[in-house]
Amino acid sequence: MFDEPKQQDMSINDFTSFLNELSTYKTAQTLLFASFENSDETFNKATEGIDFHLNYIDDKLIKPIE
């Protein structure tokens with residue numbers, strides 16, 4: 001499980017290489033939590049051509065109780 005590896009300010013090209021490497025592990029489960037600088041464009045660029053399953057969280061997970 002990787003929690004926000006992109007927060008270490010990895011370049012998009014290096015991060016894409018990292019994602020490509022993770023995608024080669026077909027018999028193992030890898031969980032990756034990442035925000036991609038809150039940019040769908042950055043996400044799309046970093047994941048282009050990579051086979052993966054996305055669980056998109058559209059709302060904040062931690063927020064005030066109303």
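## A walk through the predicted chain

Thr16 offers a place to enter this structure, for, once residues up to four places away in sequence are set aside, it touches Lys45, Ala46 and Ile50. The model in which these contacts appear is a predicted one, and the description that follows should be read with that in mind. Thr16 itself lies in helix H1, which covers residues 12–23, and it counts as buried because its relative accessibility is 15%, below the limit of 20% that is applied here. The C-alpha atom of Thr16 is separated by 8.4 Å from that of Glu48, although their positions lie 32 residues apart along the chain.

To place this helix in its setting, it helps to step back to the whole chain. The protein chain holds two helices and two strands, and, read from the N terminus on, its elements follow the order β-α-β-α. Of its 66 residues, 23% count as buried, while its accessible surface comes to about 5,800 Å², with 49% of that area belonging to carbon and sulfur atoms. Among the contacts in the chain with a separation of 6 or more, 56% are made by residues that stand 24 or more positions apart.

The interior can be followed through the largest nonpolar core, which is made up of seven residues, namely Ile12, Phe15, Leu19, Phe36, Phe43, Ala46 and Ile50. The elements that give two or more residues to this core are H1 and H2, and the largest share, three residues, comes from H1. Ala46, a member of this core, touches Ile12, Phe15, Thr16, Leu19 and Phe36 when residues up to four places away in sequence are not counted.

Thr47 belongs to helix H2, which covers residues 40–47, and with a relative accessible area of 10% it is buried, because the limit for that class is under 20%. A polar atom of the Thr47 side chain lies 2.8 Å from the backbone oxygen of Phe43. Leaving aside neighbours within four places in sequence, Thr47 is in contact with Leu19, Phe36 and Phe52, and two of these names, Leu19 and Phe36, also appear in the list of core residues.

Phe52 leads from there to the outside of the model, where Phe52, Leu54 and Tyr56 form a nonpolar patch on the surface, with about 330 Å² of accessible area together. Tyr56 is found in the segment after H2, and it counts as exposed because its relative accessible area is 57%, over the limit of 50%.

Charged side chains complete the picture, since the structure holds two salt bridges. In one of them Lys26 is paired with Asp51, and the closest N and O atoms are 3.6 Å apart. This pair links distant parts of the chain, with Lys26 in the loop between H1 and strand E2 (32–33) and Asp51 in the segment after H2, 25 residues apart; both Lys26 and Asp51 are exposed. In another salt bridge the side chains of Asp59 and Lys63 meet, at 2.7 Å from N to O. Lys63 is partly exposed, because its relative accessible area is 47%, a value that falls between the limits of 20% and 50%.

Methods:
Residues are numbered from 1 along each chain as its sequence is written. This is a predicted model: local features need pLDDT of at least 70, side-chain atom pairs count only at pLDDT 80 or more; totals for chains, interfaces and linings use all residues. Side-chain values use heavy atoms; hydrogens and water are left out. Helices (H or I, at least four residues) and strands (E, at least two) are DSSP runs, numbered from the N terminus. Buried means under 20% relative accessible area, exposed over 50%, partly exposed in between (1.4 Å probe, protein chains only). A polar contact is a pair of N or O atoms within 3.5 Å; within protein, one must be able to donate a hydrogen and the other to accept it, and residues adjacent in sequence count only if both atoms are side-chain atoms. Contact means heavy atoms within 4.5 Å. Patches are made of residues with over 30% relative accessible area and no salt bridge: like charges are joined within 9 Å, nonpolar side chains (Val, Leu, Ile, Met, Phe, Trp, Tyr) within 5 Å. Accessible areas come from the Shrake-Rupley method with a 1.4 Å probe; for residues, only the protein chains shown count as cover. A salt bridge is a side-chain nitrogen of Lys or Arg within 4 Å of a carboxyl oxygen of Asp or Glu. A nonpolar core is a set of buried Ala, Val, Leu, Ile, Met, Phe, Trp, Tyr and Cys residues joined through side-chain atoms within 4.5 Å.
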